[in-house]
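Reader: I'd like to learn how to read a fold like this one. Could you take me through it?

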Amino acid sequence: FPVTIFIGDSSTWWAFIGNWKGTIHCSEGKIELYVKTGFHTDWASVPRLFRGFVDNDERSLIIPSLWHDAFFKTKFFGENKNGFDIANKIFGELMEICGTSDTKRGIVLDAVGGTVGWINYKKKEERDKVLYQHCIISR
């Protein structure tokens, strides 16, 4: 990926310095993603508590995490809990395809899904309106 790293507000962020396009076929059908220069991501938004077990930017999480961020930042499946759950389900499917172990996949999904993940997702909505305007996603 054409990315550069920067640190801010005690988090590590990656900014796309070039465009990227991808297509997946998943349980929700064919989905296309176009990421424009300037898109920001922290890859997997794994809470610090879980980072002893999972590195945010480990190789098997990069592509699934990009899609996961795009789903949430664009509200692709809606803003409700059902949309949140669909995005996490596809995240799990993509982690499996990319070779994330069953154990690690379970830890990541527990960390970003469920009640804690939903609360964190709702907290980040205002910030995301500014940071993630460089993403187009479609079916």
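Author: Let's start with two rings: phenylalanine 72 and phenylalanine 84 are both buried, where buried means under 20% relative accessible area, exposed means over 50%, and partly exposed is in between (1.4 Å probe, protein chains only). Before going on, note that this is a predicted model, so local features need pLDDT of at least 70 and side-chain atom pairs count only at pLDDT 80 or more, while totals for chains, interfaces and linings use all residues. Residues are numbered from 1 along each chain as its sequence is written, and side-chain values use heavy atoms, with hydrogens and water left out.

Reader: What is the pattern of helices and strands along the sequence?

Author: Helices (H or I, at least four residues) and strands (E, at least two) are DSSP runs, numbered from the N terminus. Here the protein chain has four helices and six strands, and they come in the order β-β-β-β-β-α-α-α-α-β.

Reader: And the totals: what share of the protein chain is buried?

Author: Of the 139 residues, 45% are buried. The accessible surface is about 7,200 Å², with 54% of that belonging to carbon and sulfur atoms; such areas come from the Shrake-Rupley method with a 1.4 Å probe, and for residues only the protein chains shown count as cover. For contacts, the rule is heavy atoms within 4.5 Å. Among contacts with a separation of 6 or more, 63% are between residues 24 or more positions apart.

Reader: How do I read a nonpolar core, and which residues have the most contacts inside the largest one?

Author: A nonpolar core is a set of buried Ala, Val, Leu, Ile, Met, Phe, Trp, Tyr and Cys residues joined through side-chain atoms within 4.5 Å. The largest one here has 23 residues, and Ile24, Ile31, Leu66, Trp67, Phe71 and Ile90 have the most contacts inside it. At least two residues each come from β2 (11-16), β3, β4, α1 (59-73) and α2. Helix α1 gives the largest share, six residues. There is also a second, separate core of nine residues, including Val46, Phe91, Met95 and Ala111.

Reader: Now the aromatic rings. How many pairs does a search of the whole structure find?

Author: The general idea: a pair of aromatic rings is described by the distance of the centres and the angle of the planes. Rings of Phe, Tyr and Trp (its six-membered ring) pair if their centres lie within 6.5 Å; planes under 30 degrees apart count as stacked, over 60 as edge-to-face and the rest as tilted. The search finds seven pairs. One of them, phenylalanine 71 with phenylalanine 76, is stacked, at 6.0 Å centre to centre and 25° between the planes. Phenylalanine 71 is buried at 3% relative accessible area, whereas phenylalanine 76 is partly exposed at 21%.

Reader: Why does the pair of phenylalanine 72 and phenylalanine 84 count as tilted?

Author: Their ring centres are 5.5 Å apart and their planes sit at 40°, so the pair is tilted. Phenylalanine 72 lies in helix α1 and phenylalanine 84 in helix α2, so this pair ties together parts twelve residues apart in sequence. Elsewhere, ring pairs join Trp67, Phe71, Phe76 and Phe77 into a cluster.

Reader: Is asparagine 88 buried or exposed?

Author: Buried, because its relative accessibility is 8%. Asparagine 88 has its place in helix α2. Leaving aside neighbours within four places in sequence, asparagine 88 contacts His68, Phe72, Leu109, Val112 and Gly113.

Reader: Last topic, salt bridges. How many are there by the rule?

Author: The rule asks for a side-chain nitrogen of Lys or Arg within 4 Å of a carboxyl oxygen of Asp or Glu, and the count comes to six. One of them joins glutamate 28 and lysine 89 at 3.1 Å, N to O. That pair links distant parts of the chain, with glutamate 28 in the loop between β3 (20-26) and β4 (29-35) and lysine 89 in helix α2 (residues 81-97), 61 residues apart. Glutamate 28 is partly exposed at 24% relative accessible area, and lysine 89 is partly exposed at 39%.

Reader: Where are lysine 81 and aspartate 85 relative to each other in helix α2?

Author: They are four residues apart in that helix, which means about one helical turn separates them. Their side chains meet in a salt bridge at 2.9 Å, N to O. Lysine 81 is partly exposed at 33% relative accessible area, and aspartate 85 is partly exposed at 35%.
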